[in-house]
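Me: I am new to this entry and would like to know what stands behind the terms used for it. Could you go through them with me, one at a time?

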Amino acid sequence: MWNYSFIIPSVLILLIILCYYFLRPRLPIRMNRTFLRILLIDLLTMSVDVISSRLDERYATTPAWLLWAANMLYFLLYFARIYSYYMFSLEVLDQHEEISTRLRQVSLLPFLLCELIVLSSPLTGLIFKIDGAGYHSGPWYNLLYLFSFVYVAGTYVLVYFLGKRLSRFDRLSLLGYNTVLVVGLLARFLMPTYLILNTFCNLAVFVIFISFQNQERYLFSRFTAYNAEAFRTILHEWHGRQKYRMLTFSILNYTGLHDTFGVERMDLCLEQILQLIRRTSSRGLTFYLGSGRFAAIQPDSQADETLTTDLINRLHQPWQIGNEQVHLETAFVLSHSPLTEYTGDKVYEALMTALSDTHLLDQNHPWELREVMEESDRIQVVRQHLLAALADNTAVVCLQPIVRTETGEPVGAEALTRLPDGQGGLLPPSAFISLAEREGKIGILGDQVLHKVCRFLRDHHAELPWLKWINVNLSPVQCLQDNLADSLHAILQQYGISPEMIHLEITEQTMIDSSKFAKQLQALQKYGFQFSLDDYGSGYSNLYRLIEYPFRNIKLDLSIVRSYMEQSNQLLPEVIRAFRAQHFEITAEGVEDKETVQAIKELGCEYMQGFYFSRPISMDQFLSKYAKRE
Ligand code: C2E
Ligand code: MG
Ligand code: MG
């Protein structure tokens, strides 16, 4: 009566998938546990399907209670199986969107109801009954199909409403295995004797296995550690639901070490660190988040404080890379308390940003997760002010005079930007320039500043005849913009301003990406812009490279002016002499008092800028202070 040719290979395929499942590392998340449940229920259903079918064929020699029991078990498993596929879809959706407990409870109801109807069959005979002629389907037998279609249709609806944050691949896979189930149900309906639904369930398991259970999803490709996606998923699922301890850290000098030692040797070092983490928290989870960033998470009950301290201490010791000993500059973030006011996704984003920002974390003092979250909140506020200023054109451009040393009279000015903080105050550039650079907004901000500078020159230059130029800061990130020269020139044209009036201040850091940078400068130079090298002496200094570029002016960073004033040395006068010999003009920044003015005069710098003359002031204040001097 039954045809078993499909079910035997189906069981074998399932067993193979089960073996693979247990052989590979698995993230302890609900999605994976649900997958395991699917595998076990599938295996059980198939086995019971074969057994109950065989018994039904031999009903004459089989005790009635055994026929009742085998068939009832089959129907109970049938509903459980379809329900477990639905649950898996919920867990996939839950990876991004929070699936509410209410939805989970409502979803459970039809399942429980159907199980009750099956259990009541000996009394009601609704789904099936057994009599002297063996097994018979009951009047409600087709509830099996109705139930299955309701859950599959439910999945489609949920994917439509809650699946927007899923990747396209995940969304298609979800719809894919549910569609396979629909086809299987139709096939079962049309060919009831072939036990064919099992094969389609197998196919659905296969789709799930290759799309949601493949290794790349949660494992870092080069090491046996979980990856950033696994970290995000664990935080999303554990945060607020379960207590855990977490240690994350970043190698701040990773880029430099990577450039020096290359990928392979650096990987050996990273592998050693991962082993160390695994040794110190043997029952925890270890993550490599890329670019020298690591995380270790343990359920709270297993956490051991001293292990964390040991790990931190060891990381501060030198490490061996090949024959070299290197010192890793590491910064840590620890988490003890649950911080339920934040979602797991928010914690993930804040941590990843903090660990990537080499200037934020402190090497000598581990941060608490709370501090990272507060910093992230602060950045969020700044981000809002930045976006508001960009949308409403409300960035405030201040001007600070630049004075000719010989006469003590102002001849130029530097444009320095501030943002309204929403409470009548102003945010300094240190709060928002790097954020604007990171988030791709510096180009729009730079354009707004240039517009305001040009409008100021157009409207007020006549009142400030002494003003020869205005310096405008150009961020290294702006220098990466392809049509930079054309777009800056277009702004100047709009106001009828000659490019000689605008000096672009560029920091040394920009010069590192040399070929692109050189092209940008050439293009700008063709239009007639002039260049100042900003913050000379604050970092990377390469005199030869300087000569290659068309800088006219070099601005000495206030830090070297300050250290010269604290302890005079021969180096600064020599450097200045060398620059002058190369026909550079020199501007000293950070001139705060009379003594510095005197020292700068003696050093032979052409220009001075600093609080001694004026702080950066609003354009209106600048006008009332300096208009009609001649
Ligand atoms: P910078 O271009 O080196 O500007 C000089 C900084 O030194 C300004 O800080 C100025 O207020 C400060 N300063 C001037 N004289 C003195 C002094 O005598 N003593 C002390 N202690 N400080 C003095 P500010 O305005 O906070 O700007 C900081 C940095 O932000 C600037 O450094 C510049 O790199 C950047 N920045 C400002 N506005 C813009 C902008 O519109 N675009 C870009 N890309 N960067 C900007
Ligand atoms: Mg500057
Ligand atoms: Mg400067």
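Me: How far apart are the centres of domain 1 and domain 2, taken over C-alpha atoms?

Reply: The centres of domain 1 and domain 2, taken over C-alpha atoms, are separated by 40 Å. The protein chain is divided into domain 1 (7-217), domain 2 (219-369) and domain 3 (393-626), with bounds that come from an automatic or database domain assignment. This is a predicted model, in which local features need pLDDT of at least 70 and side-chain atom pairs count only at pLDDT 80 or more, while totals for chains, interfaces and linings use all residues. Residues are numbered from 1 along each chain as its sequence is written, chains are lettered from A and ligands numbered from 1 in the order in which they are written, and side-chain values use heavy atoms, with hydrogens and water left out.

Me: How do you know that domain 1 and domain 2 are in contact?

Reply: Contact means heavy atoms within 4.5 Å, and 16 residues of domain 1 are in contact with 14 residues of domain 2. Between them the two domains bury about 1300 Å², 45% of it on carbon and sulfur atoms, where buried area is the accessible area (1.4 Å probe) that two parts lose on being put together, summed over both.

Me: Why is the pair Arg165 and Asp345 called a salt bridge?

Reply: The term asks for a side-chain nitrogen of Lys or Arg within 4 Å of a carboxyl oxygen of Asp or Glu. The side chains of Arg165 and Asp345 meet at 3.6 Å, N to O, so the pair satisfies the definition. The count between domain 1 and domain 2 is three salt bridges. On the side of domain 1 that touches domain 2, helix H2 (30-57) and helix H9 (215-218) are the elements that give two or more residues, helices being DSSP runs of H or I with at least four residues and strands runs of E with at least two, numbered from the N terminus.

Me: What makes Glu414, Asn473, Glu505 and Asp534 donors of the magnesium ion (ligand 2)?

Reply: Donors are N, O and S atoms within 2.8 Å of the metal (3.2 Å for Na, K and Ca), and sites may look incomplete because water is not among the atoms. Glu414 (OE), Asn473 (OD1), Glu505 (OE) and Asp534 (OD) lie 1.9 to 2.2 Å from the magnesium ion (ligand 2), so they fall within the cut-off. Among these donors, Asn473 in strand E13 (residues 469-474) and Glu505 in strand E14 (residues 502-507) are 32 residues apart and link distant parts of the chain.

Me: Why is Glu505 called buried, and Asn473 partly exposed?

Reply: Buried means under 20% relative accessible area, exposed over 50%, and partly exposed in between (1.4 Å probe, protein chains only). Glu505 counts as buried because its relative accessibility is 1%, whereas Asn473, with a relative accessible area of 30%, is partly exposed.

Me: Which residue coordinates both the magnesium ion (ligand 3) and the magnesium ion (ligand 2)?

Reply: Asp534 coordinates both ions, which are 4.0 Å apart. The magnesium ion (ligand 3) is coordinated by Asp534 (OD), Asp535 (OD) and two entries for Glu589 (OE), at 2.0 to 2.4 Å. Asp534 lies in strand E15 (residues 530-536) and Glu589 in the loop between strand E17 (585-588) and helix H22 (594-603), so the pair ties together parts that are 55 residues apart in sequence. Asp534 is buried, with a relative accessible area of 6%, and Glu589 is buried as well, with 10%.
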